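Subject: Structure handover

Hi,

Here is the structure I said I would pass on. Have a look at it first, and then read on for my notes.

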Amino acid sequence: MEAAILNLEGDLLYNQEKYEEALEKIQQAIDTCPEDKIEDLNVYKNNMALCYIKLAVRCGTDKNFEDAKYFYTKAHLMLIACYLSDKTYEEDLKQVEAAIFHNYGRQLQYQGKYEEALNEYRQAL
């Protein structure tokens, strides 16, 4: 129950665009969640990935591409952790790969590299 409350607090912070604070709460939710609650853990990890994506987009918009790359990488690692826990690897890896291509396309778009961005978006499909 404690983990669920911490995750809800993280959700509230996320909705207020306080992504760093939300990450802290969600990490606490993960740390306090029993290991056998795989579905709950996946929800929390997915929420962390969403925070990392929002931070990456913010960095990309601010032309801080190194930080954006870092946050996208963290987001993808969280998503991979979620996907691999349910043992449907092949389909899950396709989804992660599509997300990676999409997010790199977004970064290229922010940099004004539209043709390269379009190629990444195509690979995401």
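Below is what I found in it, going from the whole chain down to single residues.

Before anything else, this is a predicted model: local features need pLDDT of at least 70, side-chain atom pairs count only at pLDDT 80 or more, and totals for chains, interfaces and linings use all residues. Residues are numbered from 1 along each chain as its sequence is written, and side-chain values use heavy atoms, with hydrogens and water left out.

**The whole chain**

You will find six helices and zero strands in the protein chain, so the order from the N terminus is simply α-α-α-α-α-α (helices, H or I, need at least four residues and strands, E, at least two; both are DSSP runs, numbered from the N terminus). Of the 125 residues, 35% are buried. Buried here means under 20% relative accessible area, exposed means over 50%, and partly exposed is in between, using a 1.4 Å probe and protein chains only. The chain exposes about 7800 Å², and carbon and sulfur atoms supply 54% of that; the areas come from the Shrake-Rupley method with a 1.4 Å probe, and for residues only the protein chains shown count as cover.

As for contacts (heavy atoms within 4.5 Å), take those between residues at least 6 apart in sequence: 49% of them join residues at least 24 apart.

**The core**

The largest nonpolar core has 27 residues. By that I mean a set of buried Ala, Val, Leu, Ile, Met, Phe, Trp, Tyr and Cys residues joined through side-chain atoms within 4.5 Å. Ile30, Tyr44, Met48 and Tyr52 have the most contacts inside this core. Helices α1, α2, α3 and α4 (65-85) each supply at least two of its residues, and α3 gives the most, with eleven. If you click on Ile30, you should see that it touches Leu41, Tyr44, Lys45, Met48 and Met78, leaving aside residues up to four places away in sequence.

**Asn7 and Asn47**

This is a pair you may like to zoom in on. Asn7 lies in helix α1 and Asn47 in helix α3 (residues 38-61). Are they buried or exposed? Asn7 has 7% relative accessibility, so it counts as buried, and Asn47 is buried too, with a relative accessible area of 12%. Their side chains make a polar contact of 3.0 Å. For a polar contact I take a pair of N or O atoms within 3.5 Å; within protein, one must be able to donate a hydrogen and the other to accept it, and residues adjacent in sequence count only if both atoms are side-chain atoms.

Again not counting residues up to four places away in sequence, Asn47 touches Asn7, Asp11 and Ile26, while Asn7 touches Ile26, Ala29, Val43, Tyr44 and Asn47. Val43, one of those, is found in helix α3 and is partly exposed, with a relative accessible area of 43%.

**Lys25**

Lys25 lies in helix α2 and counts as partly exposed, at 26% relative accessibility. Its side chain is joined to that of Glu9 by a polar contact of 3.0 Å. Lys25 also touches Leu6, Gly10 and Leu13, among residues more than four places away in sequence. From Lys25 to Asn7 there are 18 residues in sequence and 6.3 Å in space, C-alpha to C-alpha.

**A few other spots**

Glu17 sits in the loop between α1 (2-15) and α2 (19-32). Although it is not a glycine, Glu17 has a positive phi of about 65°, and at 53% relative accessibility it counts as exposed.

In helix α6 (residues 114-124), the buried residues are Ala117, Glu120 and Ala124. Seen down the axis of α6, these fall within an arc of 60°, so they line one face of the helix (the arc is that of the directions from the helix axis to the C-beta atoms).

Lastly, the cysteines: the structure holds zero disulfides, a disulfide being a pair of cysteine sulfur atoms within 2.5 Å. Cys33 counts as buried at 9% relative accessibility, and Cys51 counts as buried at 1%.

Cheers
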